[in-house]
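Here are a few exercises to work through with the model open in your viewer. Try each task before reading its solution.

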Amino acid sequence: MSFLNTLAWWQWVLLSAVPVAIVLLYFLKLKRQPLTVPSTYLWSRTIEDLHVNSIWQRLRRNLLLFLQLLLVLLLLLALLRPGCRGTQLTGQRLIILIDNSASMSATDEQPSRLEQAKRRALALVDQMRSGDAAMIIAFADTAQTQSFTENRRMLRRQIEAIAPTSRSTDIGEALRAAAGLANPGLTRLEADQAVDESLPATLYILSDGGFPAVPDFALENLTPVFLPVGQAATGNLAIVAFATDRNPAQPDRLQAFVSVANFGSEPATVIVELRLDGQSLDLVELSVAAGGESGWHFDLPDLDAGVLQVVLERDDALALDNMAYAVINRPRRARVLVVTAGNEALRMALNTPQVQQVAEVTCVEPPILTDAMHLRQAAAGAFDLIVYDRCQPAELPVANTLFLGSLPPGGAWQAGPVGDVRAIIDMDRVHPLTQLVDMTHVKIAEGRPLQPPAGSTVLCDSVLGPALAIAPRDGLEDAVLGFPLVVAENGETVPNTTWHLRPSFPVFLYNAVRYLGGSHSALVTASAAPGSSVTLRFPAQIESVTVRDPHGAVKPLQRTGQSPFTYADTHVLGVYEVDAGAPQTVVQRFAVNLFDPRESNLQLRSSLEIGHETVPAQPALQPARRELWRWFVLAALIVLLLEWYIYNRRVYL
Amino acid sequence: MPDSRNQPELLSPELLARLERLELVTRKIFRGRLKGERRSRRQGQSVEFADFRNYVPGDDLRFMDWNLYARLDKLFLKLFREEEDLHFFVLLDASTSMDFGDPTKLHYAKQLAAALGFIGLVRADRVQLETLGGSRRARAPVLRGRRSLRQMLECLADMQPGANVPLAESLRHFALRNSGKGILVLLTDLLDKRGYEQALRVLLAQRMDVYVIHILSPEELEPDLKGDLRLVDCEDGEVTDITVSRPLLDRYQKTLAAFVAGARDFCTRRGMVYMLVSTAVPVEDVVTRYLRQRGLVR
């Protein structure tokens, strides 16, 4: 504690005379005024019992003197302007951003980074002066914004209510929310006319900095202060990938792939355990270099369904990424309907054992397109995929479709005039439909350049234009091939292309059956990121499903229209079970895993990149003098009240 | 200390007129020394017929009703109401403590004594006024008859405060001198540090009809004091230091209430009539209303 002199010497001399005067007055006060009374009989009986406690009475009388002296002493101390080293909040408006993403659950700070951040935010609120207003924003990949308030109790409650999440970090939304106050928008009618008065604010970011830079953001009136939370060099081993797929060498078997990253500065060795439905299946010891990654393949027995779990046998700062899940769902053969007037190449390609393993293919003639029974089935979603070979239904069915040499009805799809396609010049090798499909030497006679609707993806370009495209439709997808495989010439069917002679043709059809038929997603479900929404496809007759999260909470989902179910409450890491009701209990599972190297990297960032500014980390707030004289004045006031009370309540001689 | 010479006169003409109609009442049967104007509860010789009773040998033949004997051939004796006088004592406490208040308690006591004495004189009772512990000269002679009013008032006017004799001692002296029966009115503030109990007990033996009129001034009933005070007792000079505060005044009120309640209880248990009077209450109210209620006058 330090003091500042606020008075001149002669003022001190005058003030120091006050206690002396009080003592003198006290002695003067003791000179009692004599008063003759008829009899002291009643008076002495009144104070009879007080004589017994006369020493205490004297003390009590002196208590008043002591209290008065204490009062003066406190006021004198207050005049000395006592203060202590504290931290200074800058700005009258504070916006406190608290990161509650997955990395903030790290325990390098006790009890966790988030708790430490909340503690520091509470300390900030405690230091607010009267009249300061603050806003609390908790952010992970989305921001939870509270309104500005001067009510510290409410601010404390809001801070206490912030709970950790398993989500990744994106500060952009939080910054935009904060900027809404400091940088109010401009009206559109009159340029450069601010809608509201801009209010400068100080932005306190309590985070470990584990989020991408925000390049396109202007801070303007916001003054950012980055208060890093966590230990500077915290190592962490994390599972950054875990996936299952069919073994290419043995298609009837599955294999699991796990990738472990080391975010520490020391090389590490870790035991990775693979479990199936909770039972240990395999163990492997992995050595991971500092800052590097290491992977391993587990060969799995033939599995119908189950939950695979991989666990790092290590106790490090972040437990969330030491465990990952993968789900193998019971495979279901896709129901594929082929409407063709006769196409031997197509029939043969769909009769391969590989296709038969994943799909149940039915070939029918085009006249069925007007059959009432077929129309009802198509509208009820009885098929997963319908292939239209050179024909077109009156209405699109409730199923994924593949049009070969024809266009879907409705006019959304257009095509140019028939021309000489000759060869394919570019292919999308990433899309599941065209993976491993090589059309380099394929020759094509005639075709039409496609004009797919907005939002579609062109998978294959020919000399004429797009030759293969895929477009979404109410949760379904339509793929269209711009050239027919065969054409009718003089009553005979002749090939239009040499594609069916190439291995890429059955591969393409296999891809189409797996992808559009849905058996790909049925076999191995991809992992979802926490907080993302998961699309659940079910036959159209199923109107509602229930989803049970890893904590056991059950949420029912209702289908709206023809769209698939969408589940968004993926906050918890683990395996979610989807139940479509009787007769099957659990019909589908999906896993939510962190798999975010940015969150798993617990190294504390030394600065943040916001817009064009670099915000350096400030280990602590700027030291400032905290004035304590108010407390002394308050204490003096309390002493004064106490003195007044004792004076009024006293009973003594 | 107020000057007693500036005190108002003892009896106003209006009060005298009202007192004319009153008379002293005793609850006990006393034998008066002289015939008075008082109708006693005793039956005896007077002109007012009361009752008949059978003759028994030895009865005074002068009271035989001969007319009845002639008619009924039986002897009956005529009984008459006795008319007698009453011995009425008024004892005034003339200690220094009585010389307080405005009017002083002593003056108030004198007014009360004068009023009651006047009633007695008018009804031809024997009235005797005395100050407690006073000298032989301070004692008024036994007064009787309306004409003694002037003498009684002079006697009262001569009574001066300052006779600080313990209550018990002076009452014992009184009891020794006056063995007769009658009505005794004690006018005092009872503020005797040795206590009043012993003093009042002396009067019990006398079979007197005792009225204790406890006179206190408003300053004693509701003290209006402030600050740090040194209270000096006017009688013995005893000093008591107090610092006046609300709680202290509350305690005083409790003590006073206990003191008054104790005195009332003491008197009531022993057949005495106790009455607390504040000097703020007009004397005529006390006589014509309160003492009437208590049965001393009617």
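Two strands count as paired if DSSP finds at least two bridges between them. Helices (H or I, at least four residues) and strands (E, at least two) are DSSP runs, numbered from the N terminus. This is a predicted model, where local features need pLDDT of at least 70, side-chain atom pairs count only at pLDDT 80 or more, and totals for chains, interfaces and linings use all residues. Residues are numbered from 1 along each chain as its sequence is written, while chains are lettered from A and ligands numbered from 1 in the order in which they are written.

**Exercise 1. Trace the open sheet of chain B and find its edge strands.**

Step 1. Start with strand β6 (residues 209-216) of chain B, which pairs with β9(B) in the parallel sense over six bridges. To check the register, look at B:Y211: its bridge partner in β9(B) is B:V273.

Step 2. Now go to the other neighbour: β5(B) also pairs with β6(B) in the parallel sense, over six bridges. Here B:T188 sits opposite B:H214 of β6(B).

Step 3. Put the whole thing together, and you get five strands in the order β4-β3-β5-β6-β9, with parallel pairing. The edges are β4 (126-131) and β9 (273-278) of chain B, each pairing on one side only. On average, neighbouring strands are turned by 15° against each other, direction ignored.

**Exercise 2. Is β6(B) mostly covered or uncovered?**

Step 1. Set the cut-off: a residue is buried if 20 or more other C-beta atoms, placed from the backbone, lie within 10 Å of its own, exposed if 12 or fewer, and partly exposed in between.

Step 2. Count: eight of the eight residues of β6(B) are buried, so by this definition the strand is mostly covered. For chain B overall, 38% of the 298 residues count as buried.

Step 3. Split by direction. In a regular strand the side chains alternate between the two faces of the sheet. B:D209, B:Y211, B:I213 and B:I215 point one way, and B:V210, B:V212, B:H214 and B:L216 the other.

**Exercise 3. How do helices α3 and α9 of chain B cross?**

Step 1. Get the geometry, using axes fitted to C-alpha atoms (for helices over the stretch in contact) and angles from 0 to 180 degrees between N-to-C directions. The axes of α3 (residues 105-122) and α9 (residues 283-294) of chain B come within 9 Å and cross at roughly 45°.

Step 2. Classify it. Angles under 35 degrees count as roughly parallel, over 145 as roughly antiparallel, 65 to 115 as roughly perpendicular and the rest as oblique; α3(B) and α9(B) are therefore oblique to each other.

Step 3. List the contact (C-beta atoms, placed from the backbone, within 7 Å). α3(B) brings B:Y108, B:Q111, B:L112, B:A115 and B:L116, and α9(B) brings B:V283, B:V286 and B:V287.

**Exercise 4. Which elements of chain A supply the side that touches chain B?**

Step 1. Count both sides: 23 residues come from chain A and 29 residues from chain B.

Step 2. Assign them: β1 (33-37), α2 (41-46) and α14 (629-649) of chain A each supply at least two residues of chain A's side. α2(A) has the largest share, six residues.

Step 3. Look for strand pairing across the chains: β1(A) and strand β7 (residues 228-233) of chain B pair in the parallel sense over five bridges. One pair to find is A:T36 opposite B:V232 in β7(B).

Technical notes
Contact = placed C-beta atoms within 7 Å.
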